[in-house]
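Open the structure in your viewer and keep the sequence beside it. The stops below say what to select and what is there.

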Amino acid sequence: DWSSDVCSSDLQHIELKIIGEFNKAEEIVNENGIWWYYDVSGLTEDNLNVIFNKDGVQTADISAAGVLDSGVVYYAINSAFKCTSSTVETKPSYTKVAGTVRVFVQTPSDMESVILYYWYEGSNSPDWPGTPMTKVE
């Protein structure tokens, strides 16, 4: 399967790319899902990119550019690691810290962990597969 997801932090630009063809992605709804987070610090430019992964399964490369001003971004993934921006109304709160972006992801309730790999220009990115995210309690 050569299809790949394009997951954007812009709710107006959620698309699924399938062999050069663009279609609207289905909304991912994780009933009673689990929220996870990780703080990416040291950003001076608004060029963050992320990948969520676990046990050899991963999302496509996700551009989170445009989130430095707000300091927070919310995603949702399903068990097959398809990704969309989260449209859930009740999201964890976050108070902005300069130079830091808190990356939240909501997973199905049976997912026991998720790993975040990230990079941005000038970053000291973690080694692959990345850094375990913290469960929101």
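Read along the sequence, the chain runs β-β-β-β-β-β-β-β-β-β-β-β-β. Colour the chain by secondary structure: there are 13 strands and zero helices. Keep in mind throughout that this is a predicted model.

**The whole chain**

Select everything and show the surface. The accessible surface of the chain comes to about 7800 Å², and carbon and sulfur atoms account for 46% of that surface. Of the 137 residues in the chain, 42% are buried. Now consider contacts between residues at least 6 apart in sequence: 67% of these contacts join residues at least 24 apart.

**Stop 1: Arg102 and Asp39**

Side chains of opposite charge can pair when their charged atoms come close. How many salt bridges does a search of the whole structure find? The search finds one. Select Arg102 and Asp39, which form a salt bridge with their closest N and O atoms 2.6 Å apart. Arg102 belongs to strand E10 (residues 100–107) and Asp39 to strand E4 (residues 34–41), so the pair ties together parts that are 63 residues apart in sequence. Arg102 counts as buried because its relative accessibility is 16%, under the 20% limit for that class. Asp39 has 29% relative accessibility, so Asp39 counts as partly exposed.

**Stop 2: Thr100**

Stay in strand E10 and select Thr100, which is found there. Is Thr100 buried or exposed? Thr100 counts as buried, at 8% relative accessibility. Show its surroundings. Leaving out residues up to four places away in sequence, Thr100 touches Asp39, Val40, Ser41, Gly71 and Tyr94. Asp39 is thus met again here, as a contact of Thr100.

**Stop 3: Lys54**

Move to strand E5 (residues 49–54) and select Lys54, which lies in this strand. Lys54 is buried yet has no salt bridge. Which side chain of opposite charge is nearest to Lys54? That side chain belongs to Asp55, 4.0 Å away. Not counting residues up to four places away in sequence, Lys54 touches Phe81, Met111, Glu112 and Ser113. Two residues named at this stop, Asp55 and Phe81, are taken up next.

**Stop 4: Asp55 and Gly56**

Select Asp55 in the loop between E5 and strand E6 (57–58). Asp55 has a positive phi of about 50 degrees, although Asp55 is not a glycine. Asp55 is exposed because its relative accessible area is 70%, over the 50% limit for that class.

Step on to Gly56, placed in the loop between E5 and E6. Gly56 counts as exposed, with 81% relative accessibility. Draw a distance from the C-alpha atom of Gly56 to that of Pro129: the two atoms are separated by 8.7 Å, while the residues are 73 apart along the chain.

**Stop 5: Trp128 and Pro129**

Pro129 is found in the loop between strand E11 (115–119) and strand E12 (131–132). Zoom in on the backbone here. The peptide bond from Trp128 to Pro129 is cis, with omega near 20 degrees.

**Stop 6: Phe81**

Go back to the contact of Lys54 named earlier and select Phe81, which sits in the loop between E8 and strand E9 (83–85). Its phi is near 60 degrees, a positive value in a residue other than glycine. Is Phe81 buried or exposed? Phe81 counts as buried, at 3% relative accessibility.

**Stop 7: Ile77**

Select Ile77 in strand E8. At 0% relative accessibility, Ile77 counts as buried. Draw a distance to Gly33 as well. The C-alpha atoms of Ile77 and Gly33 are separated by 9.9 Å, and the two residues are 44 apart along the chain.

**Stop 8: a charged patch**

Show the surface again for the last stop. Which residues form a negative surface patch? Select Glu45, Asp46, Asp69 and Glu121, which form it. Then pick out Asp69, found in the loop between strand E7 (62–63) and strand E8 (72–77). Asp69 is exposed, with a relative accessible area of 65%.

Notes
Residues numbered from 1 in each chain as written. Predicted model: local features only at pLDDT ≥ 70, side-chain atom pairs only at ≥ 80, totals over all residues. Heavy atoms only, no water. Helix = DSSP H or I, 4+ residues; strand = E, 2+ residues; numbered from the N terminus. Buried < 20%, exposed > 50% of the residue type's maximum accessible area, 1.4 Å probe, protein only. Contact = heavy atoms within 4.5 Å. Areas by Shrake-Rupley, 256 points an atom, 1.4 Å probe, with all protein chains shown as cover. Patch = residues over 30% accessible without salt bridge, like charges linked within 9 Å, V, L, I, M, F, W, Y side chains within 5 Å. Lys, Arg positive; Asp, Glu negative; His and termini not counted. Charge placed at Lys NZ, Arg CZ, Asp CG, Glu CD.
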